[in-house]
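Subject: Structure for your review: aromatic contacts

Dear colleague,

Please find the structure below, handed over for your own work. A summary of the ring contacts found in it follows.

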Amino acid sequence: MTTAVAISFVVNGEHIEASVLPRLNLADFLREYLKLTGTHVGCEHGVCGACTVRVNGDIVRSCLLLAVQAHNATVETIEGVSDSGEIADLQSAFRDRNALQCGFCTPGMLMAAQDLLKQSLSPNRQQIREHLSGNYCRCTGYQAIVDAIETTVRTRAGRLP
Amino acid sequence: MTSAQENPETLSALDRPNSYIGKTVPRPNLDRLMQGRGLYVSDIELPRMAHVVFLRSPHAHAKIKGIDASAAKQMQGVIAVVSGEELSKIITPWVGVLSHLKGLKSAPQSALAVDRVCWQGEAVAAVVASSRAQAEDAAELVEVEYEELDAVTDMRTALDSATVVIHPSLCDNLAFERNHDAGAVDQAFAEADEVVEADFVFGRHTGVTLEPRSVVADWNATESRLTIYQGTQAPHMVQNIAALHLGLTESQVRVVCKDVGGSFGIKVHIYADEMATYALSKLLRRPVKFVADRVESFNTDIHARDHRCKGKIGVRRDGTITAFEIDDLTGIGPYSMYPRTSAIEANQVVNLVGGPYLTKNYRARARVVFQNKNVTCQYRAVGHPIACSVTEGLVDLAAMKIGMDPVEIRRRNLIADDAYPCASPSGLRFEQLSHHAALAKLIRMMDYEALRADQAALRAKNIHRGIGIASFIEVTNPSAAFYGVGGAKISSQDGVAVRLDAQGSVICQTSITEQGQGSESLTAQIVGSVLGVSMDRVRVILGDTDNTPYGGGTWASRGAGIGGEAALQAAKALRKNILDVAAAVLQSTPGELDIVNNGIVSAVDGTPRIDLNELARIVYFRPDTLPPGIQPEFMATRHFVPREYPFAFTNGVQASWLEVDTDTGFVKLLKHWVVEDCGTIINPQLVDEQIRGGVVQGLGAALFEKCVYDERGQLTNANLADYLVPMSGEMPDIDVGHVVSPTLESELGAKGAGEAGTAGAAAAVTNAVNDALRPFGTVITEIPLTPQVILAALGRI
Ligand code: FES
Ligand code: FES
């Protein structure tokens, strides 16, 4: 059996030092070591998107990344982007539109949606649908999610100079 | 369109100033879920909690010759490796039958297999360790010696004499058979101008809740109490079953259900591995957690559908449907699921075929057979998609045969909106449905004539688009007729307790549960409306058998209709109590007072008299100042179950507009419409989103989802990469409209809406695909409509 490896990284602005087995994935690390349970595990094979987090600014599936691969990186989870207020408008659009039912997909959806909104100023409905195509939601039928993101696109555009 | 508002009582309770009923109000629990601060069972951790991993059979059918766990037991962190034999000393086996489904049989099933496994994925041993990873490592070292047996995999040959009988004590592989014959079927077919037949095939699919099934069981030996944390739709049912098989009383078992990551009927059952987890906690005297991984979910979450149904319809040239006949065959795996049984779906198919239509001539046979595959059982819209697809497929075939428009044939045969109450050919009683109003509204919403014109124009350019229509009925608000009459301890009533606290806020405890439908919201809306209290002052407690009234939970589209009415009645009772006390304090009469905006006001002119928090202060802290003889009761409890009708039927109609690529076989969904009638709408947005979510599950079944087994009973696509589910990119926008016919069984008038979407979506899509392929003279009656199925039908492969 392999032995534990020391890693250090920043999670939601906090410096974390840990010693982990190389096989431990980042999702399990966040959930089990840091108790950041907002990152959900739906499939553990990279298909559902429930475990989406940001590493060095890019969204990744934390079930497909090993915790040791995040060494020296900056990791942001749903808790981090909620507390910083970064996605407050997106969350409020989700609330108004009931864009979640059980809420299990929601952290991953919000991370993916925010990623799209950072990349593209005015995605249309089809582009929104395509960007979310790696995020599985069994409850909603997706339309409410697309509507909520579209609303956020509009409000953010309104705020731009 | 009808209305229940002739009753002034109804008006007074629901049509209050500041009523939240009928309004879109955000759900109170959303912020928690959106910030990743929910508490799902997979998040729960308890001191000394151990993790269990189940070793599962790789064979569909095999004898267990021996289990060697010696190496595994030496592994670091391992607490125990437990076999079926050992566990059966703690928890007794069960048999999934109900007495009202006459002749239904099944064999005893154990928490862990003893001596023999009957499907690939059945658990044979439990490995408990300090961490999940340690348990998984140790599980790899457990050696099980199997002797493979012949497996029953094809339901069409399951009853042949040459086929092995899975449970020899049952004599054959027939679990259940129901025959129904109403009207004069042979004569009706003889009098028809055309008789059309088709074989319908439905893939086996499954619920795929995004959060897999998870349980934490915590046996406290010092209290002799078991606490079960489980994402379940029916906490009191879990309490009852766990107690029964562990030899405990119900009061020794508490079931706590926090946030649930999807349910859809998957989490309304009790699975063998969950029973094993309860028992392991008792055996090991510590909390034990089980979280299924995705492969386990595919192999052990109940599957559903898997029907082959021969259908026949008779029609006259004027469009009159003369008769329906079906012969349905379904495979349910090796056991009938406990406690709801696996025969309900086939029974439902017999009940529902032909349901929206006038003809009284209907013959049906349904046979339910055992197989060595995962167990099937109730999943969202039980039996409805099968019945709807067969009925609506046949109606379209009949229309095509006589050259009539699919909308026209429905107009001529749907039960008239003023014909109620009446009964279906299978004897179901309908209180009030609105097929014609719904169809008319749908046609307007979709602009049917314009779409037909588009279709014709595009067809000339070799672009093949289709329109599919599907009318349906849906069973909601079940009474005890579903399970209670068959002896299952599954409550059909629900209860709500409402109290006014010392600061004038309201706390409701309800026995319905929340899995994202909005149970908390609708309860708060109803209670807030009746009590004149704002939503932010209402807190709802649910999902805890220690802290809620006894009741059924949330399944079979019953939360709003049954739990909602209980909430309404409890709130009315509390309102009366509050007004009585207020009248005494204000030296007035209850009739002269009202509660509005968190305060008592004068009923005539709305003048504020006393704030609720002031009234509560007096009642709780200065009762000595109340007039003599007043004993304030600021808590009231009411229960409700429908009594007159066994079910509240709802109805609706869906339409699909899609394009088939005849070169690749791909179907592109362009638009979907639904009109449905769920009676009183408490929160329009929540209802619409239930419908959309349901439609998308039906679209999954129509186009993608299928559990693929090979001939040895191996599930070959048990992961989310190979088992396709609808993703946002392929899904169309879905327009939802309503007709409102409240049920008079309750003051609230609400019927269920959770399954309507799933009930009709696949039928609409299949009819649309066949409509698109009309120029090719081919008809497909199989789902999922994969490119392979379509290209094969077109003779291209
Ligand atoms: S859990 Fe990582 S993608 Fe599904
Ligand atoms: S809200 Fe349940 S999976 Fe998306």
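Over all chains of this predicted model, the count of aromatic pairs comes to 13. One of them joins Phe54(B) and Phe290(B), whose ring centres are 5.0 Å apart. With 75 degrees between the planes, this pair is edge-to-face, the class that applies to angles over 60 degrees. Phe54(B) belongs to strand E1 (residues 50-56) of chain B and Phe290(B) to strand E12 (residues 288-291) of chain B, so their contact ties together parts that lie 236 residues apart in sequence. Both Phe54(B) and Phe290(B) are buried.

A second arrangement is found in Phe482(B) and Tyr483(B). Their centres are 5.2 Å apart and their planes meet at 20 degrees, so this pair is stacked; the cut-off for stacking is an angle under 30 degrees. Phe482(B) has a relative accessible area of 10% and is therefore buried. Tyr483(B) is at 5% relative accessibility, so it counts as buried too.

Phe482(B) and Tyr483(B) also belong to a cluster linked by ring pairs, together with Phe430(B), Trp555(B), Phe647(B) and Phe649(B). One member of this cluster, Trp555(B), has Arg340(B) over the face of its ring, 4.2 Å from the ring centre. Another arginine, Arg429(B), lies over the face of Tyr645(B), at 4.6 Å from the ring centre.

Yours sincerely

Notes:
Residues numbered from 1 in each chain as written. Chains lettered and ligands numbered in written order. Predicted model: local features only at pLDDT ≥ 70, side-chain atom pairs only at ≥ 80, totals over all residues. Heavy atoms only, no water. Phe/Tyr/Trp six-rings, centres within 6.5 Å; stacked < 30°, edge-to-face > 60°. Helix = DSSP H or I, 4+ residues; strand = E, 2+ residues; numbered from the N terminus. Buried < 20%, exposed > 50% of the residue type's maximum accessible area, 1.4 Å probe, protein only. Lys NZ or Arg CZ within 6 Å of the ring centre and 35° of its normal.
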